[in-house]
Amino acid sequence: MADKGPFLTSCIIFYLSIGAAIFQILEEPNWESARDKYQLQKDNILKSYACLTEKDLDQILEIVSEAAGQGVTITGNKHRKTWDWANSVIFAATIVTTIGYGNVAPKTKGGRVFCILYGLCGIPLCLVWISELGSFFGDRAKRLSQVLIRKGISVKKVQFTCTAVFLLWGLLVHLVIPPFVFMSVEGWSYLEGLYFSFITLTTVGFGDYVAGVNPNIVYPRLYRVFAELWIYMGLAWLSLFFSWNVHMVVEAHKVLKKRRHRHRPFYDQEPQPVEDEQNPNVRPTVIDIFNFLSEKEEDYSTVIKEIAIRAKRTKPAENINRSKSCSDILATNIETLEHSPRHRRMISISEVFMNMNVEQDSSTKEERPSLIQESNGNPEPAECVRKDAKEDTDSCAFESENNGIITVEESVQCSDGSESRFTISKVVEEDLLIDKNEKG
């Protein structure tokens, strides 16, 4: 939308400006002549009836205008019941289909409130139903393609035939033939009937022409029923036609974009999506000219939902030596690598330390009496006594080696006469152990 937004906005502004200019050129002179004609007829009435003043005539016209706004017939002696059952059904249909002719509208407060609530519930329901009707037309096109393919017709001819049948059938049934019916029943011209058909099926609904509401005409019983069915079927066909038309415009834009990219340098080209190549030798059994309706439009919300579904389906690999915050690792099936030599050596050393701690806990009880004797000032071996000239401390060290781990036991005598004893474990690398064994 970021790249197409300014272009589409400019197109809409240009299209509205052109349309406004053309409508002004065509309609403004007619409105001016109608205004002059109204003023002339009003003056003629005042001249014909000398007792009638201009103020009285304006009052009469105001009453007539108000009655016409309420749906009352202001000419003739026959009045059409605007809110009987049949006309109320037609009005309800104009609400849910969003046509809204405007010739009839609720005038009471309760009717207007109910109209709002009725439209909120009815319009989505009608749109869903119309989309289902459109899919019904798509299924009929599929059936036709199956029949043609079984007869051995080529794929391109089948596509062309289905598209032509869809367009011709819709144009004939919904736009070309109905004006003849309106000419015979309503007394309109062919252009007026075609104009009413287009305005109705596109849900524009100006209300200047409405079928089945003239009080001076006796309509057939099923005329209004067929008119309503024609409206619903026409809405479904026209919505499908507009969708197909937009799809064709988008495809044409893609083709033009590819042609423009051919003349661009290789390093400046955008990556093209990989499309599934179909085997030309495989003949399809059915052709759907409306397959674009079932295509999924990828946006941020759909992409995020698909990622969440994949994460739920994929079980995270166990025993991964990585933080759980790394969701990219957990979401993929990655096999764990074996430990490096340094990592294995660290693990073995940690296990040795744990074993040494257990052995030391068991041997502390046996060494306690000797420690007590040493603290009371028993003489130490001469070779174990180490004196430091700078500090007034005495220490004794016993050194033993076990599987590359050297354990040193030292006791330090402080100046106040107390003595502390501690154990130091040193780890020797394998290479050093090998060298030491060779020397020994």
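Two rings of Phe, Tyr or Trp, taking the six-membered ring for Trp, make an aromatic pair if their centres lie within 6.5 Å. Keep that in mind as you look at this predicted model, because Tyr 101, Phe 182, Trp 188, Tyr 195, Phe 196, Tyr 209 and Trp 230 form one aromatic cluster on that basis. The structure holds 19 aromatic pairs.

Let's start with one of them, Trp 83 and Phe 91. Their rings meet edge-to-face, with 5.1 Å from centre to centre and 75 degrees between the planes. Phe 91 counts as buried, at 17% relative accessibility, while Trp 83 is partly exposed at 46%.

Now back to the cluster, and to Trp 188 and Tyr 209, both members of it. These two also pair edge-to-face, here with 5.4 Å between the centres and 80 degrees between the planes. Trp 188 sits in the loop between α6 (178-185) and α7 (190-201), and Tyr 209 in the loop between α7 and α8 (223-262), so their pairing ties together parts 21 residues apart in sequence. As for accessibility, Trp 188 is buried at 13%, and Tyr 209 is partly exposed at 25%.

Stay in the loop between α7 and α8 for a moment, since Thr 202 lies there. At 18% relative accessibility, Thr 202 counts as buried because the cut-off is under 20%. What does its side chain find there? A polar atom of the Thr 202 side chain lies 3.4 Å from the backbone oxygen of Ile 199. Setting aside neighbours within four places in sequence, Thr 202 is in contact with Leu 238 and Phe 242.

Methods:
Residues are numbered from 1 along each chain as its sequence is written. This is a predicted model: local features need pLDDT of at least 70, side-chain atom pairs count only at pLDDT 80 or more; totals for chains, interfaces and linings use all residues. Side-chain values use heavy atoms; hydrogens and water are left out. Rings of Phe, Tyr and Trp (its six-membered ring) pair if their centres lie within 6.5 Å; planes under 30 degrees apart count as stacked, over 60 as edge-to-face and the rest as tilted. Buried means under 20% relative accessible area, exposed over 50%, partly exposed in between (1.4 Å probe, protein chains only). Helices (H or I, at least four residues) and strands (E, at least two) are DSSP runs, numbered from the N terminus. A polar contact is a pair of N or O atoms within 3.5 Å; within protein, one must be able to donate a hydrogen and the other to accept it, and residues adjacent in sequence count only if both atoms are side-chain atoms. Contact means heavy atoms within 4.5 Å.
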